[in-house]
Amino acid sequence: MRVADGGEWIMREDGRRSSHRNSTMKPKGPLRVGILLGAALLLAQVSGFGALSIKSHYSPLNNDRPKRSSTKFIILHTTEGPGKGSLQKVYRRGEAHYLVDIGGNIYRVIHRSRIAYHAGTSMWNNLKNLDRYSIGIEIVGYHDRVLTNAQYKAVRELLRQLQKIYTISDEKVLTHSMVAYGPSNRWHKGPHRGRKRCAMFMGNESVRRKLGLTRKPGYDPDIKAGRLIQADPYLGKVLYGGAGSKVASSSSSRIPSAAGVITKNRSAWDIAKQKYKSNNTVYVFPGGKRLKGNQIRDWTSIPSGTQVIL
Ligand SMILES: [Zn+2]
């Protein structure tokens with residue numbers, strides 16, 4: 001008999017939990033009762049995984065992706081954009097294993113045994129290229145907003161199952177912002193943390209508790225070891241404690257639009273992070289002139305008051 005444990009169920013691609021079609025042996029009497037009882041218990045166990053439903057929406061790239069040889073981490077992401085487009089982008093590019101929409105619906109995009117390209121340039125405790133060692137979950141939302149109740153519920157259950165299957169402790173459920181790092185640039189003279197704030201609030205203790213995670217990393221191991229410098233102190237505070245770690249509720253915690261203005265203490269990098277020289281980032285100069293990030297040559301000549309539109 002095939003045992004459909006939680007792992008099996010989450011792994012099934014056809015949406016069915018178990019198959020009885022090929023059964024040729026039909027035991028009778030006490031043995032049959034025993035088997036039926038076992039099946040009932042098993043079903044009870046499966047239903048213990050709650051009302052979690054996962055829809056298969058595999059990326060066309062799924063079958064080309066190599067299998068991972070080990071799974072050490074689960075990495076959480078926020079799409080930084082609204083639902084529909086996010087799912088399409090993640091799907092087209094195979095950028096996560098799962099996507100959780102605003103309503104708490106979960107979509108499988110890349111099979112969990114394969115590699116999804118979600119972490120980019122990444123490092124944790126001196127281990128690099130974390131796509132090779134991790135499962136990525138994209139959550140529709142923003143790095144500085146809390147999740148919807150339906151999302152909390154769905155992500156909590158998904159994490160519980162995946163952590164069980166791969167024996168991943170709470171401390172190894174990380175946010176993309178914890179593991180992403182950037183190469184040196186004109187503002188930072190060495191490899192640095194702070195390339196992204198992706199899923200930042202899911203590093204916060206109270207948010208993690210709602211996700212069923214009771215423990216978290218107490219510090220950034222790569223900064224502590226001197227492998228990286230801290231280029232985003234606010235991010236560091238939210239992830240690892242300190243004055244900035246309190247999560248204000250919902251939309252009041254959004255970074256105000258004034259934060260998108262360059263001042264003498266706030267560089268283009270502070271605002272746009274790795275997208276500072278992207279053609280999707282627009283700089284509106286005090287005189288009204290507009291330039292895209294990839295059109296700017298001299299980063300020292302950007303005047304205070306220039307607005308950065310991402
Ligand atoms: Zn991310």
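## Salt bridges in the predicted model

R193 and D222 join their side chains in a salt bridge, with an N to O distance of 2.9 Å. This contact links distant parts of the chain, since R193 belongs to strand 10 (residues 192-193) and D222 to helix 7 (residues 221-224), 29 residues apart. Both R193 and D222 are buried. The structure described here is a predicted model, and a search of the whole of it finds 9 salt bridges.

D222 also meets the side chain of R227 in a salt bridge, at 2.8 Å from N to O. The two partners differ in their surroundings: D222 has 0% relative accessibility and therefore counts as buried, whereas R227, at 28%, counts as partly exposed. These contacts belong to a wider arrangement, in which R193, D220, D222 and R227 are linked in a network of salt bridges.

A further salt bridge pairs D232 with R197, whose closest N and O atoms are 2.7 Å apart. D232 lies in the loop between strand 11 (229-230) and helix 8 (233-240), and R197 in the loop between strand 10 and helix 6 (205-210), so the pair ties together parts that are 35 residues apart in sequence. D232 counts as buried because its relative accessibility is 2%. R197 likewise counts as buried, at 15% relative accessibility, a value that falls under the 20% limit for buried residues.

The distances of the three pairs described above are set out below.

| Salt bridge | N to O distance |
|---|---|
| R193 and D222 | 2.9 Å |
| R227 and D222 | 2.8 Å |
| R197 and D232 | 2.7 Å |

Methods: Residues numbered from 1 in each chain as written. Predicted model: local features only at pLDDT ≥ 70, side-chain atom pairs only at ≥ 80, totals over all residues. Heavy atoms only, no water. Salt bridge = Lys/Arg side-chain N within 4 Å of Asp/Glu carboxyl O. Helix = DSSP H or I, 4+ residues; strand = E, 2+ residues; numbered from the N terminus. Buried < 20%, exposed > 50% of the residue type's maximum accessible area, 1.4 Å probe, protein only.
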